[in-house]
Each structure stands twice: as C-alpha cells, then as structure tokens.
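Student: I should like to understand the terms used for this structure. Please set each value against its definition.

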Amino acid sequence: MAQNQSKQAEGSVLEGSCLCGAIRYEIRGGVGNLSHCHCSMCRKAHGAAFGTYAPVSWDAFTLVSGKEHVRAFRSSAEVTRTFCDRCGSTLQFIRDGSPGFGLAVGTLDSDPIRRPTVQIWARDKAPWWELQDSPPYYETEPSDEGGS
Ligand SMILES: [Zn+2]
Ligand SMILES: [Zn+2]
C-alpha cells in the first residue's frame, strides 16, 4: 500500500466495508461495469428495489479484516452469497468456478468510477418500483453476459 494518491483514480485501491465495520476489504485495479439486478433473490438479499453488483476478479480482492464474520449462503445450485454475521450486509455474489465474483457495490466506501450500464431481470422487478429506461434493461439477462 505504497500508493497515497486519490482513491478516485482508476487503478488505485478501492476500499469497502460492511455496515458494522467488522469486515473491511480492498480492491486493486478497479471494478467492471455496474449492473442492477431486479431478480427476487437480489432484492431480498439487499432488502432493496434491486441489487447493484460489479465484477471483481479474485486476484484483485483482499479481505483486510473480519474474515471470521463472513458467512455464506447458497442461494441457488451454483451461487453463494456472502454476508456479515454481525450486521447482515450482503457482500458478494459468487458463482462456482468463476475467476471473479459480483461485489455488492453498496458496501464500497470509495467511488468505483464505473457506473451502471445495464439492468437485468426486469421481468422480476418489484411491483412498487417504476423501471427507468436508463441504463438499458433486459427482461432476463443479455445472452452474451460476461463482457466487461
Ligand atoms: Zn458487519
Ligand atoms: Zn439477481
């Protein structure tokens, strides 16, 4: 951590934490584009109208503190979601065998620079949420998912 420059600069270290502060992490090299997911599982995991995630590679991620507070919940056959066992903050969306994971962007303390570029699972959105046209949305997921 020799870098003392602004957290805002792309390529610098992003910092994040859970609500109670027990879990702290750092990400080097920035995150991918953000996406809003309106599926019912993301809505429940976040307790919100939608979940916002950004792709992060495991290589770029460092858990600085609170490893003992990270719990995992398997929400579907190949997906595990992690959260803090003290405050309940949802942290990661992890697909088995993937080189990276989806970071729950709401836990970032730094500006990720990247912005939301897509909304997915619009057909499962909350009935009380008025869907916006921007960023563009998909009823399910774009077929070529995985690009950055
Ligand atoms: Zn916590
Ligand atoms: Zn979802």
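Student: What share of the contacts in the chain with a separation of 6 or more is accounted for by residues 24 or more positions apart?

Tutor: The share is 53%; two residues are in contact if their C-beta atoms, placed from the backbone, lie within 7 Å. This is a predicted model, in which local features need pLDDT of at least 70 and side-chain atom pairs count only at pLDDT 80 or more, while totals for chains, interfaces and linings use all residues. Residues are numbered from 1 along each chain as its sequence is written, and chains are lettered from A and ligands numbered from 1 in the order in which they are written.

Student: Which residues are in contact with C37, leaving aside its neighbours within four places in sequence?

Tutor: They are C42, F50, G51, Y53, I120 and W121. C37 is also among the residues that touch the most other members of the largest nonpolar core, which has 22 residues. Such a core is a set of buried Ala, Val, Leu, Ile, Met, Phe, Trp, Tyr and Cys residues joined through C-beta atoms within 7 Å.

Student: Why is G97 called exposed?

Tutor: A residue is exposed if 12 or fewer other C-beta atoms lie within 10 Å of its own, buried if there are 20 or more, and partly exposed in between. G97 has 6 C-beta neighbours inside 10 Å, and therefore counts as exposed. G97 lies in the loop between β8 (90-95) and β9 (100-104); strands are DSSP runs of E with at least two residues, and helices are runs of H or I with at least four, numbered from the N terminus.

Student: How many residues of β6 are buried?

Tutor: The count is zero among the seven residues of β6 (residues 70-76), so by the cut-off of 20 none reaches burial. For the chain, 26% of its 148 residues count as buried.

Student: What makes β6 and β7 a pair?

Tutor: Two strands pair if DSSP finds at least two bridges between them. β6 and β7 (residues 79-84) have six bridges, in the antiparallel sense, and therefore they pair. One bridge partner is F83 in β7, which stands with R71.

Student: Why is β6 called an edge strand?

Tutor: Seven strands form an open sheet of mixed pairing, in the order β6-β7-β8-β9-β4-β3-β10. β6 and β10 (116-120) are the edge strands, as each pairs on one side only.
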